[in-house]
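Let's take a walk through this protein together, one piece at a time. Keep the structure open beside you and turn it around as you read.

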Amino acid sequence: MNSSGGRRREAAGPKGRRAHRPPREQDRDVQLSKALSYALRHGALKLGLPMRADGFVPLDALLQLPQFRSFSAEDIQRVVDTNGKQRFALQPGDPSTGPLIRANQGHSLQVPELELEPLETPQALPLLLVHGTFRQHWPSILLKGLSRWGRTHIHLAPGLPGDPGVISGMRPNCEVAVFINGPLALADGIPFFRSANGVILTPGNADGVLPPKYFKEALQLRPTRKPLSLAGNEETEHQRDPKHGSRGRGMTQQ
């Protein structure tokens with residue numbers, strides 16, 4: 001596989017050309033990206049795809065599925081290259097399988113050998129660990145914590161959208177950002193990993209939850225930016241801490 005730097009270089013060129021493609025082609029690419037996300041993250045077994053322990057499936061087998069028969073290998077290569085969040089990876093494979101494709105993270109399927117980098121010390125963790133969500137979910141999250149919700153991991157980003165190095169981990173239309181105390185969770189035995197596209201992943205505790213005790217702070221992003229209290233559902237009256245004042249140009253789990 002290419003290094004992460006190589007993936008970024010590959011994505012940068014085609015991404016720059018994406019705006020010049022006809023709208024109809026862009027719509028097909030969105031349709032293809034969504035179909036790939038379902039097949040590679042959630043539906044491989046149900047669809048009969050032979051998924052390896054590292055999450056890769058043969059591209060030829062994928063293209064034989066009814067929902068992919070109107071697409072070509074070139075279409076898939078273009079979507080992989082132009083996906084700004086680097087959700088997918090392609091590799092040549094061997095003569096017996098041909099090219100292989102996988103999702104880099106976001107699985108509900110068990111993928112025991114997905115190439116995740118363990119983050120085993122506080123120094124290995126990003127300075128910021130942020131989960132993006134929507135305001136309607138915040139009361140429940142504040143009470144019960146963050147849940148995997150059927151996936152294998154809770155997704156965190158190393159900053160807010162627009163911050164350097166943040167390409168994935170949350171949606172740009174999120175309304176609430178929850179900042180996580182990673183070193184405290186790590187000290188309590190909760191593991192963290194970094195995926196191939198830079199998303200920080202944690203399975204949470206034995207119940208698949210990251211409890212509220214690990215929340216450092218919360219920030220409402222929309223419609224106006226303001227801090228949220230961790231003591232209850234009422235918003236705090238004071239102004240946001242200046243150290244975060246330049247962050248947050250927009251963020252949920254992806």
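Strand β5, which covers residues 130–133, is joined to β8 by four bridges, and the two run antiparallel. Keep in mind as you look that this is a predicted model. To find one spot where these strands meet, look for Val130: its bridge partner in β8 is Phe179.

Now stay with β8 and look at its other pairing. Five bridges join β8 to β12, and this pair also runs antiparallel. Here you can pick out Val176, which stands opposite Gln220 in β12.

How many of the residues of β8 are buried? Five of the five are, so β8 is largely enclosed by the rest of the structure. Check which way the side chains go, too. Val176, Val178 and Ile180 point one way from the strand, while Ala177 and Phe179 point the other way, and all of them are buried. That fits a general pattern: in a regular strand, side chains alternate between the two faces of the sheet.

Before leaving β5, have a look at His131, which lies in that strand. Is His131 buried or exposed? With a relative accessibility of 6%, it counts as buried, because the cut-off for buried is under 20%. Its side chain reaches the backbone oxygen of His155 at 2.9 Å.

Next comes the greasy part. In soluble globular proteins, nonpolar side chains tend to be buried together. The largest nonpolar core in this model has 22 residues, and the ones that touch the most other members are Trp138, Ile180, Phe192 and Leu210. Several elements feed this core: α5 (138–144), β7 (154–156), β8 (176–180), α6 and β12 each supply at least two residues. Try clicking on Trp138 to see its surroundings. If you skip its neighbours within four places in sequence, Trp138 is in contact with Val176, Val178, Phe215, Ala218, Leu228, Ser229 and Leu230. You have already met two of these, since Val176 and Val178 point one way from β8. Apart from this core lies another one, made of 20 residues, among them Leu59, Ile101, Ala103 and Leu109.

For another buried residue, go to Ala89 in strand β2, which spans residues 88–91. Ala89 has a relative accessible area of 2%, so it is buried. Ala89 and Leu100 are 11 residues apart in sequence, and their C-alpha atoms are 8.3 Å apart in space.

Let's turn to a sheet. Four strands form an open one in the order β4-β9-β10-β7, with antiparallel pairing. Which strands stand at the edges? They are β4 and β7: each has a single partner strand, so one side of each is left without a neighbour in the sheet. Zoom in on β4 and β9, and you'll find two bridges joining them in an antiparallel arrangement. Pro118 has Phe193 as its bridge partner in β9.

Those two strands also bring us to the charged residues. Glu117 forms a salt bridge with Arg194, and their closest N and O atoms are 3.1 Å apart. Because Glu117 lies in β4 (residues 117–118) and Arg194 in β9 (residues 193–194), the pair ties together parts that are 77 residues apart in sequence. Both ends are partly exposed: Glu117 has a relative accessible area of 41%, and Arg194 has a relative accessibility of 25%.

How many salt bridges does the structure hold? The answer is six. One of them links Asp188 and Lys213, with the closest N and O atoms 3.2 Å apart. Asp188 sits in the loop between α6 (182–187) and β9, and Lys213 in the loop between β11 (209–210) and β12 (215–220), so this pair ties together parts 25 residues apart in sequence. Asp188 is partly exposed at 41%, whereas Lys213 is exposed at 53% relative accessible area.

Another salt bridge joins Arg52 to Asp54, where the closest N and O atoms are 2.7 Å apart. In this pair, Arg52 is partly exposed, with a relative accessible area of 36%, but Asp54 counts as buried at 12%. To finish the tour, find Arg28, Asp29, Asp75 and Arg78, which are linked in a network of salt bridges.

Notes: Residues are numbered from 1 along each chain as its sequence is written. This is a predicted model: local features need pLDDT of at least 70, side-chain atom pairs count only at pLDDT 80 or more; totals for chains, interfaces and linings use all residues. Side-chain values use heavy atoms; hydrogens and water are left out. A salt bridge is a side-chain nitrogen of Lys or Arg within 4 Å of a carboxyl oxygen of Asp or Glu. Buried means under 20% relative accessible area, exposed over 50%, partly exposed in between (1.4 Å probe, protein chains only). A nonpolar core is a set of buried Ala, Val, Leu, Ile, Met, Phe, Trp, Tyr and Cys residues joined through side-chain atoms within 4.5 Å. Contact means heavy atoms within 4.5 Å. Two strands pair if DSSP finds at least two bridges between them. A polar contact is a pair of N or O atoms within 3.5 Å; within protein, one must be able to donate a hydrogen and the other to accept it, and residues adjacent in sequence count only if both atoms are side-chain atoms.
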